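Reader: I am new to this structure and would like to learn how to read it. Please take me through some of its features one at a time.

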Amino acid sequence: MRIFHSLSFFVLTFISFNPCNAEEAQTIVDTLGRNHFLQKIYEWGNGAQGFEEAEIQFSGPIVVAGVLCFIASSISSAGGIGGGGLFIPILTIVAGLDLKIASSLSAFMVTGGSVANVMCNLCATSPKFGGKSLIDYDIALLSEPCMLLGVSVGVICNLVFPEWLITMLFAVFLTWSTSKTCNSGVLFWKIESEERRKRDGFEGLENGLLEHGSGEEREGGVQGNKEKEGMKSVEEQVLVPEENIRVRIPWLKLVVLLLVWFTFFSLYLLRGNKYGQSIIPMEPCGVGYWILSSAQIPLALFFTAWIVYRKDSHQDQNLMHEDPCLSSRGPSNKLIFPIMALLAGILGGVFGIGGGMLISPLLLHVGIAPEVTAATCSFMVFFSSTMSALQYLLLGMDHIETAIMLAIICFVASLIGLLVVQRAIQSYGRPSIIVFSVSIVMTLSVVLMTSFGMIRTWKDYVSGRYMGFKLPC
């Protein structure tokens, strides 16, 4: 309680430098009040404020929320995830916005951060991976259709499942996923430490032979150096010199990804939402609504099967001139990524967060490098977040100026976060920093959203509200 009063006094002292901000200061105190805090949590969970459009005014709580979102975006961008699991609680509890406005603003904020990530990663290459792009376009191609389908299925499950079940599923899965991510980070850290020890040992041995060795030892040292140079020549076949690296953007794969994005986006616009917001007249949750919703299943299956078939055909043509042992990489390995994307999309739709936070631990778990995982996840988040933002925009979203302002804030924060992490990786040689940044975001999301879910469930129980399964419409 003393900490709470000290924080309130600090905020009031900061604002009191401007005498015109007395009402604003009072608003902050009201926002930080315990009863107001609990009420906002409850309204966030059940949409008590509904879809009333309120005027967003520039005030102290909005500034505080903007600063917190800036910090959250900078941390989230380092791991290649959107950060929606932090933005929505911040905008709802701190800024005092209702669920609809917070969700729409969060979509634009995630889009701003993902644009910064894609701009940095699209032309980024690494000698460590043979001069290839950090974005794995094959994983993105295989995952995106099923991820978009999973989000739609998860949103329907979110409407049907009771609050207590969603909270329990979120706590169990995110806790398990966070634990796996932390273990992956520790494992990568140990591997990096071992590589650094070996590298330092080789350098120390070389210096010792050159400085204190006798004539024979020097000859042996020369032979050892020749052997070491031979080993380096083998490594140089993998580690391409930076001056020889050229960025190659696979335009065909980008066109296919845009085709998948445009197909699902058109379907979403034609279908609209359950409140009847659509570009064509359609009965909310009517026959046409469910037909268009069901059309996503064959679309996702068609795109995934076509992409797998094309990749297998291309690989078979290459194997005619390569080692036949490579043919052991069958389609079953490729189907891992669509299955993971479908699972991440469903859970993301159920929990009301982006799929990046869920698919990133899965990619790390199957052995994808942290740099590739972060770049690929941010690339996939870009497609899903832009789709959500454009839907809000075309279906009559208000507060566009506020959304653009917050998107710019997250864009700048993501750039700063990326630059800091990339500089740290270059200085210390520890890509595991990316894994630990993902762990931080996931831990905060688990604590925030699980606590809020428990409070909402308790209030529903005390008030005698219905806590069973519901109809989607």
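**Reading burial, contacts and helix packing**

Author: Start with a single residue: S59 counts as buried, because its relative accessibility is 16% and the cut-off for buried is under 20%. Keep in mind that the model is predicted.

Reader: Where is S59 found?

Author: S59 sits in the loop that runs between α3 (34–46) and α4 (60–78). Along the chain, 36 residues separate S59 from A95, and their C-alpha atoms are 8.8 Å apart in space.

Reader: What does the protein consist of in terms of helices and strands?

Author: Its secondary structure comes to 18 helices and zero strands. The protein has 473 residues, and 45% of them are buried. For contacts between residues at least 6 apart in sequence, 79% join residues at least 24 apart.

Reader: How is burial read for a whole helix, and how many residues of α5 are buried?

Author: The same cut-off is applied residue by residue, and the buried ones are then counted. In α5, ten of the eleven residues are buried, so the helix is largely enclosed by the rest of the structure. The buried residues are G84, G85, L86, F87, I88, P89, I90, L91, T92 and I93.

Reader: What follows just after α5?

Author: G96 does, with a positive phi of about 75°. G96 lies in the loop between α5 and α6. Is G96 buried or partly exposed? At 25% relative accessibility, G96 counts as partly exposed, because buried would require under 20%. The C-alpha atoms of G96 and I62 are separated by 8.4 Å, although the two residues are 34 apart along the chain.

Reader: How should I read the packing of two helices, and at what angle do α5 and α6 pack?

Author: Take the angle and the axis distance, then the handedness, then the residues in contact. Helix α5 (residues 84–94) and helix α6 (residues 99–122) pack at an angle of about 140°, and their axes are 9 Å apart. The two helices are therefore oblique to each other. The crossing of α5 past α6 is right-handed.

Reader: Which residues of α5 and α6 meet?

Author: From α5 they are G84, F87, I88, L91 and T92, and from α6 they are L99, A102, S103, L105, S106, M109 and V110. By class, this contact of α5 with α6 has eight nonpolar residues, four polar and no charged.

Reader: Which residues does L91 contact, leaving aside neighbours within four places in sequence?

Author: L91 is in contact with A65, C69, G96, L97, A102, L105, S106, M109 and L406. L91 also belongs to the largest nonpolar core, which has 82 residues. Those with the most contacts inside that core are L91, L105, L174, F264, F351, L363 and F379.

Reader: What is the general idea behind such a core?

Author: In soluble globular proteins, nonpolar side chains tend to be buried together.

Reader: How does α6 pack with α16?

Author: Use the steps again. α6 and helix α16 (residues 370–394) pack at about 140°, with axes 8 Å apart, and are therefore oblique to each other. Here α6 passes α16 in a left-handed crossing. On the α6 side, the residues that meet α16 include S103, A107, F108, V110 and V118. Among their counterparts in α16 are A375, F379, F382, A389 and Y392. The contact of α6 with α16 divides into twelve nonpolar, ten polar and no charged residues.

Reader: How do the axes of α15 and α18 cross?

Author: The axes of helix α15 (residues 356–365) and helix α18 (residues 432–463) come within 11 Å and cross at roughly 140°. These helices are therefore oblique to each other, and their crossing is left-handed. M357, S360, P361 and L364 of α15 make the contact with V435, V438, V441, M442 and S445 of α18. The classes in this contact are seven nonpolar, two polar and no charged residues.

Reader: Now a residue inside a helix: where does S152 lie, and is it buried or exposed?

Author: S152 lies in helix α7 (residues 137–160). With a relative accessible area of 11%, S152 is buried. Not counting residues up to four places away in sequence, S152 touches Y268 and Q296.

Technical notes
Residues numbered from 1 in each chain as written. Predicted model: local features only at pLDDT ≥ 70, side-chain atom pairs only at ≥ 80, totals over all residues. Heavy atoms only, no water. Axes fitted to C-alpha atoms, helices over the stretch in contact; angles between N-to-C directions. Helix = DSSP H or I, 4+ residues; strand = E, 2+ residues; numbered from the N terminus. Parallel < 35°, antiparallel > 145°, perpendicular 65-115°, else oblique. Left-handed = near helix turned anticlockwise from the far one by under 90°. Contact = heavy atoms within 4.5 Å. Nonpolar A, V, L, I, M, F, W, Y, C, P; charged D, E, K, R; others polar. Core = buried A, V, L, I, M, F, W, Y, C linked by side-chain atoms within 4.5 Å. Buried < 20%, exposed > 50% of the residue type's maximum accessible area, 1.4 Å probe, protein only.
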